Amino acid sequence: VIVALLTDFGTRDHYVGVMKAVVLSLCANATLVDITHDIPPQDLTAGAFELAAAYRYFPAGTVFLVVIDPGVGSTRRAIAVEAGGYFFVGPDNGVLSLAFRDVGAWRAVELTEQRFARPTISNTFEGRDRFAPAAGWLARGMDLSAFGAPVAHPQMLDLPATTATAEKITGEVIRVDRFGNLITNIRQEHIDRIDGRPEIVAGPCAIEGLVTTYADTQAATPCALIGSSGYLEIAVRNGNAAETLGLSRGAPVSVQARRKS
Amino acid sequence: VIVALLTDFGTRDHYVGVMKAVVLSLCANATLVDITHDIPPQDLTAGAFELAAAYRYFPAGTVFLVVIDPGVGSTRRAIAVEAGGYFFVGPDNGVLSLAFRDVGAWRAVELTEQRFARPTISNTFEGRDRFAPAAGWLARGMDLSAFGAPVAHPQMLDLPATTATAEKITGEVIRVDRFGNLITNIRQEHIDRIDGRPEIVAGPCAIEGLVTTYADTQAATPCALIGSSGYLEIAVRNGNAAETLGLSRGAPVSVQARRKS
Amino acid sequence: VIVALLTDFGTRDHYVGVMKAVVLSLCANATLVDITHDIPPQDLTAGAFELAAAYRYFPAGTVFLVVIDPGVGSTRRAIAVEAGGYFFVGPDNGVLSLAFRDVGAWRAVELTEQRFARPTISNTFEGRDRFAPAAGWLARGMDLSAFGAPVAHPQMLDLPATTATAEKITGEVIRVDRFGNLITNIRQEHIDRIDGRPEIVAGPCAIEGLVTTYADTQAATPCALIGSSGYLEIAVRNGNAAETLGLSRGAPVSVQARRKS
C-alpha cells in the first residue's frame, strides 16, 4: 500500500521523518512517496492544487496524508475521505477538497476515535499524533467508518472562477512551478470553444495562438500551450516565464478570439 | 527493517543516494526514511538535536545512519551504539549522544572490522564507505559486537545548560524550525515549578503566560507554548517568530515568576 | 528492484511524486531511491556527471530513471540502455552517456512501443508518460528489446578535455558540491605521472602538494586532494572553497611539476 505525503513542513526539520516513522510503526510494509513538502507555509490553496494535480496517477488504494494546517490545535475537524478507491487524510480546511470532489462520489468521516491516534495529541503537531496514525491504520486496511462519525459537509475550497464565452475567457495563474511555468485555471475545452484564433493576454504580453510543445517555439519568447495537467500554461522555452513576465499566482490571464479578417 | 538517515549532505549532490545504494546492496528489503539532510554543514549540535527529537517515534530495531562529520578522514572514531532496541551509526563526535543517552542503557563499539566496510575507504566520504555499510549490516541483523571493540567513553555533547529556581529559569534557543518557531531547552517540568504566572522574556519581547496552541493567540503576536517535543517554544501564529523577533539559535530565553499582586 | 531517479524537477512541485506513482503502478515492489532532483534546470552536463558518479554504488539490476530534457516534446529520441546489468532510461540527449559508456559494453533501444507508455503522452511531461512507464516495465523484468528498435549511435556527451604531460596537466572544475568543494576532471593517475611535487593552480590560489584528507589541513586554507570519486578536488576544511576562491563550474585548474631544487 502506498502512503503519499503532501505537507508544508519543508525538509530541514525532523517533522516529515517522524510522520513516516508513525505510519511505518502501524504498517511496516507501506511504501512511502513524497509528493512535496515545500508548499509555502499555511498555503492551503497551493496544497490543494498540487494534490488535485497528482492524485490520479497513483494506484487505487493509495492513502494521501496531507498536512497543511494553519488551524492546528483549534476546533477545526480532522477528517478522512474515501473517493474512487483512494483515501485522503488531513485537516477539514479544504486542502483535500479539490481532489476528492474531482473523483466523483466520496464519503467523509471525522477522526475522533482515540484508539486510532497517538495516546497524547500535541496541540501543535497533529500531523504526527492524529493524521499519520490515521493514515497508518487506513494503510493497514481499517475501514473508514471505524474512525468516527460521517461528515456531510466538509469544508470545500472555492476555485478561482473562470468566465468563458465564445469571445473571451478570463482566468488566472493558479500555480507557478519550479521552471517558472505559469499554470492557469483555463482548461483546454474552454479554449476549444473560442470562435477564432486565440490570443492569450497575461501581464505585459499578448501571445498569438497555442503551440503544442516547448520545442515549437523560440528560446526566450513566451508561448502558450496546454500543459501536462490539461490547463493553459504560459512558458518560456529553456527560460522562466514567471521571471520574464513578472507574474505570480493570482495574475489575471485572458484568452480572446481573433477573427481571421 | 527501517534505516533512517540524518546528514548535512543536502540533496543537490548524489551523496545521499549513494549511501542508500550501499545500504540496499547489503539489505535489499530495508525501508529507507530521511529524517533530514539539510543540517547546516558540520553543525553537530543541530544534528544531535534533530536526532534526539526524532528517534523515539521510530519502531524498535530502526537503524539510524547519521553522518555529520567535520572530522572525516581524521583519527576520530567511527562507532555504532545500541540502546533500547535502536541502533545508531555515525562518527564518534557527539552527534549521536543526545539520543542514545536519552534512551537509558546503551553499549557502543568502534567500527574497525574491515569486512563490514567497503574495500577501500575514502578519506572524504566515510558515509559511503564505512557508515552506510555498517548500517546495512546492522539492518541485516549482524550483532553489534561483531563490528569492533567496545567503546566505554564515546564523545558526549554538552547540552546548553539551563538554570531553574522557583523564581526564574534561564535557557536558550536550541532550534529554529522551518516555520520560524524558536524551540528552547526549557522543559515543561521546569515551568511547572515556577511559583506564579510565568513571564517569558526573549530578545525584545516579554510574553505573559503560556497558551496551549497557536489557535489561542492573535495572528502576528508572539506567544509561548509547550511544543510537540515537550520544550518551551516561542511562536507567531501564521507568522515567523525568528524573523519577527530577530532571534536565532543561542539567543537567551528566560522565564520569570510574576506574582498575582 | 531499485528504481533510482535523477531529474531537474526540483521537489516543490508534484512532478517527481507523480513519476514515482507511475512506476509503482507498474511495479508495486520497486524500491525508489532519489539520487537528486536539484540539477539546475536543463543542465545536461551536471546531470550526466551526477549519474556517472553515482551509478556504480547501486546493485546490478537497478533501473536509472533520468529526466533532464530540454527537448521534451520534440523529435529527440527517448531511449533505454542496458550496460553491465544496469538499465538507464531517459532522453537521447547525452545525459545517460557518461554513465553507460563508463560501464563498458552497452546496448540501446528507442522507446517507441506504445504499450509501454501511458495512453496519451503529454508534450511537456514525457517523464510521467514515457520514461516512468518504461522504468516500471524494466523493473518488472520486461526485456530491453521489447521497447523498440536498437539505437546504434545514441547521443554522446563530450567531457571537457584535459591535457596532461609530465610537466603540466590542465583541466577544469566540473562540479561544485553542497559544501563548496570544487571537483575537477583531473584524475589521480594524471597526477601520479607528474614529474615532481605537484602545484595546483585554481583561480587566485596556488596550492603546494596534495593532502590525503581535510583533517590534514588548517581550517580556512584551500587544499587539494583526491576526492571520493577519484578526481582532484579543491576544498577548504570546514569552509566553502567555491565561495572562498570565487570559482564555479568551468573554471580552469592546472597542475604543474615543481622540481626539488
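This briefing walks through how the chains are related, one helix pair, one covered helix and one buried glutamate. Please keep in mind that the model is predicted. Chain C superposes on chain B by a rotation of 120 degrees, and the two copies are thus related as by a three-fold rotation axis. In chain B, helix 1 and helix 4 pass each other in a right-handed crossing, while Glu199(B) lies in strand 10.

**How the copies are arranged**

- Chain C fits onto chain B with an RMSD of 0.0 Å, after a turn of 120 degrees and a shift of 0.0 Å along the axis.
- Chain C also fits onto chain A with an RMSD of 0.0 Å, again through 120 degrees and with 0.0 Å of shift along the axis.
- If you would like a landmark for the axis relating chains C and B, look at Thr31(C): its C-alpha comes closest among the residues of chain C, at 4.9 Å.
- For the superposition of chain C on chain A, the residue of chain C closest to the axis is likewise Thr31(C), at 4.9 Å (C-alpha).
- Only 4% of the interface residues of chain C are also interface residues in chain B, so these copies meet through different surfaces.
- With chain A the figure is only 3% of the interface residues of chain C, so here too the copies meet through different surfaces.

**Helix 1 against helix 4 in chain B**

- The axes of helix 1 (residues 15-26) and helix 4 (residues 126-140) of chain B come within 8 Å and cross at roughly 35 degrees.
- Helix 1 of chain B contributes Val18(B), Met19(B), Val22(B), Val23(B) and Leu26(B) to the contact.
- From helix 4 of chain B come Gly127(B), Arg128(B), Ala132(B), Pro133(B), Ala135(B), Gly136(B), Trp137(B) and Arg140(B).
- Sorted by class, this contact holds nine nonpolar, two polar and two charged residues.
- As a general reminder, an α-helix has 3.6 residues a turn, so residues three or four places apart point the same way.

**Helix 2 in chain C**

- Helix 2 of chain C spans residues 44-54 and is mostly covered, with ten of its eleven residues buried.
- Among the buried residues are Leu44(C), Phe49(C), Glu50(C) and Leu51(C), along with Ala52(C), Ala53(C) and Ala54(C).

**Glu199(B) and its surroundings**

- Glu199(B) sits in strand 10 of chain B, which covers residues 197-202.
- Its relative accessibility is 12%, so Glu199(B) counts as buried, the cut-off being under 20%.
- The side chain of Glu199(B) makes a polar contact with that of Arg258(B), at 3.4 Å.
- Leaving aside residues up to four places away in sequence, Glu199(B) touches Ala206(B), Ile207(B), Glu208(B), Ser254(B), Val255(B), Gln256(B) and Arg258(B).

Methods:
Residues are numbered from 1 along each chain as its sequence is written. Chains are lettered from A and ligands numbered from 1 in the order in which they are written. This is a predicted model: local features need pLDDT of at least 70, side-chain atom pairs count only at pLDDT 80 or more; totals for chains, interfaces and linings use all residues. Side-chain values use heavy atoms; hydrogens and water are left out. Buried means under 20% relative accessible area, exposed over 50%, partly exposed in between (1.4 Å probe, protein chains only). Helices (H or I, at least four residues) and strands (E, at least two) are DSSP runs, numbered from the N terminus. Copies are superposed by least squares on the C-alpha atoms of residues with pLDDT of at least 70 in both. Contact means heavy atoms within 4.5 Å. A polar contact is a pair of N or O atoms within 3.5 Å; within protein, one must be able to donate a hydrogen and the other to accept it, and residues adjacent in sequence count only if both atoms are side-chain atoms. Axes are lines fitted to C-alpha atoms, for helices over the stretch in contact, and angles run from 0 to 180 degrees between N-to-C directions. A crossing is left-handed if the near helix is turned anticlockwise from the far one by less than a right angle, and right-handed if clockwise. Ala, Val, Leu, Ile, Met, Phe, Trp, Tyr, Cys and Pro count as nonpolar, Asp, Glu, Lys and Arg as charged, and the others, Gly among them, as polar.
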